[in-house]
Every structure is written in structure tokens, then in C-alpha cells.
Amino acid sequence: MTENNSAQDKRAAVVINPVKAPDDEFKTNFFQLCADAGWAEPLWLETTEEDPGAGQARQALEAGVDVVIAAGGDGTVRTVASVLIGTDTAMGLMPLGTGNLLARNLGLDVTDPLNAAQSVLSGSETKIDVVKAVLDHGKQEQLFLVAAGVGYDAAIMGDTNDDLKDRVGWLAYVEAGIRKLPGKPVGATITIEGNRPVHRKVRSVMVGNCGKLMGDVQIFPDALYTDGILDLLVLAPRGRFGWLSVVAGVFGKSNKRNKSVQSYSGKSAVIDLDSPQEFQVDGDHLGEVSHLKVSVEPLALTIRMIAAAK
């Protein structure tokens, strides 16, 4: 799987959520794209409710393909990545979801999945960080590529109207966010790299590996997916106008934080909550947690793409 192989020696596998396929011609058009690029006929593997992509990604690895393309939403991307992490096989992206968070952060075309696929076939390999999240003292582990959160942001992901999301895309999350504004803060203890703990009453604690979230909003302005560092954002609105301070702290032009919005960074962090809170990774709502440990795995995933112009 070296870069000096000829195109004729290369083969891609596509792990696709069939529900997300744009039309009946999508598969045919992708096969033609591979043929035009001189690649061998691809391996086409559809996910199921029972297996959302892990088994298909392992099958692709066993077939010895050069790249495994995750074609679907952020859940499909994360599932495929969890199999490819630590291997020499690259992952490519054909964004077919609503958020397409990793694709946006990588600068890929999220409006045209075939154009994104062309970027995979014509591109080169680069490595990015991934993050491991250990939930409730080891009861469950999750990997994520973009961001995770407990509290308010996770509640939004868990209560977004799917029909509205199909109609208006990421704006459906705004509607859910307005509905979820009322709520009580929870006590949180945040420990960065084993240093002195920080105690806050919070509505949300977010952990970022990349900078952009829904609607291309730059939530973590200093985040780089290649720096081996996690960025944490703590939302702690206080009083009647607390959320206005949050908006100013998150979206203000100066990117200056305030008492309602505080930032931290490090290679690892532990978040202890006084009571279980809703939890999400890369936009997927996964229930509730009361203890979360996160740590970065530097440059653990290989991505194949054409680098976006800066």
C-alpha cells in the first residue's frame, strides 16, 4: 500500500450506509469513477442495522485494499475509523450525512460525495489524531475524531427532530438547542493531565479534536487534528443573561472567553459529574455518563485525500 504503486495496482473498498445513498445510480457512478482513474473494481460493502460498519471494514482489511472509504454520516465514519486506527490502511470519506463533521474539518466537498471520492482516488495520505473516551470507569470505550460532549450539547443531539433534519439539515440542531436552553447546571470536576482539579457548575463540557462543529461554526479556534492536544470548552451560564455571555464567549470576534465560557487544553482529561448527564461523540447521542476520561492518540489514523487550499 505504498504511494509509488501504479493506479492499476490500487483498489478501494466502500463501506456505505445504503439508507444514505443519494440515488440508484450512485454505485454505478462510483465504479465508473474508479475505472476512469485507473483503479481496480472496488469492493462495495453495505452496512446493516446489526453491523453499522465494523465488520465491513474488517472485511475490507482482509481483502488487502489500499483505502477504505466511509460513505455515510459521522456514525459510519467513526465506526470505520475505529477498525482502521493503528493499521497501515488509509480511510477516505464520501460524506452522505447531515453533519459530516470530519469531512468539513478536513476541507472536503460535503455537497458532492463523488467529488469527495475523486479527492480520495487522486489524493495522498496524511495522518490525524484520534481521541479515546472511557466512560464510567471502563464500562464502555468510544473513539471519536471531531468532538464529544456531556450535558447541553449532547441533549441537543439526543432530541433533534429527524424529520426536520431531513428537511433543513443542520438547522434542525438550532431548533433543538433553543428548546433545550432551560435546564439546571450540574457540578463538575475537571482534571487536565492530572493537574489540580477545577470545580464548576456547568451546563456542558465539550472536548474537541477539530475546530468546526455544526454549521461550520468554529467552536474550538485553536484545535488542530495533528497537534496531539485536546481542547476543552466549559459552558457555565449564570443568571438570567448567562446564555448571552456564552454566546459572546463562544462566537465573539475576539474569541475572548469569560466567566460563562472557559477553555482548557491538554493531552488527557478526566471529567467527574455529580449526576449522570447526556453524552455524545461526533454528533451521536450515546446515553448518559457520570465519569469521562479522554486521551489523545496522536496521528493514529491515516486519511487519504487532496489537502484543502489554505
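Leu171 sits in helix H8, helices being DSSP runs of H or I with at least four residues and strands runs of E with at least two, numbered from the N terminus. The model is a predicted one, so local features need pLDDT of at least 70 and side-chain atom pairs count only at pLDDT 80 or more, while totals for chains, interfaces and linings use all residues. Residues are numbered from 1 along each chain as its sequence is written, and side-chain values use heavy atoms, with hydrogens and water left out.

At 44% relative accessibility, Leu171 comes out as partly exposed (buried is under 20% relative accessible area, exposed over 50%, partly exposed in between, with a 1.4 Å probe and protein chains only). Leu171 joins Val168, Val174, Ile178 and Leu181 in a nonpolar surface patch of about 400 Å². Helix H8 (residues 171-179) chips in the most, with three residues.

Elsewhere, helix H2 (residues 54-62) packs on helix H3 (residues 74-84) at an angle of about 45°, the axes lying 8 Å apart. That makes H2 oblique to H3 (under 35 degrees is roughly parallel, over 145 roughly antiparallel, 65 to 115 roughly perpendicular, and the rest oblique).

H3 also carries one end of a salt bridge, a side-chain nitrogen of Lys or Arg within 4 Å of a carboxyl oxygen of Asp or Glu. The structure has just one: Arg78 pairs with Asp284, with 3.3 Å between the closest N and O atoms. The two are 206 residues apart, Arg78 in helix H3 and Asp284 in strand S14 (residues 284-305). Arg78 is buried at 11% relative accessible area, whereas Asp284, at 24%, is partly exposed.

Note on methods: Patches are made of residues with over 30% relative accessible area and no salt bridge: like charges are joined within 9 Å, nonpolar side chains (Val, Leu, Ile, Met, Phe, Trp, Tyr) within 5 Å. Accessible areas come from the Shrake-Rupley method with a 1.4 Å probe; for residues, only the protein chains shown count as cover. Axes are lines fitted to C-alpha atoms, for helices over the stretch in contact, and angles run from 0 to 180 degrees between N-to-C directions.
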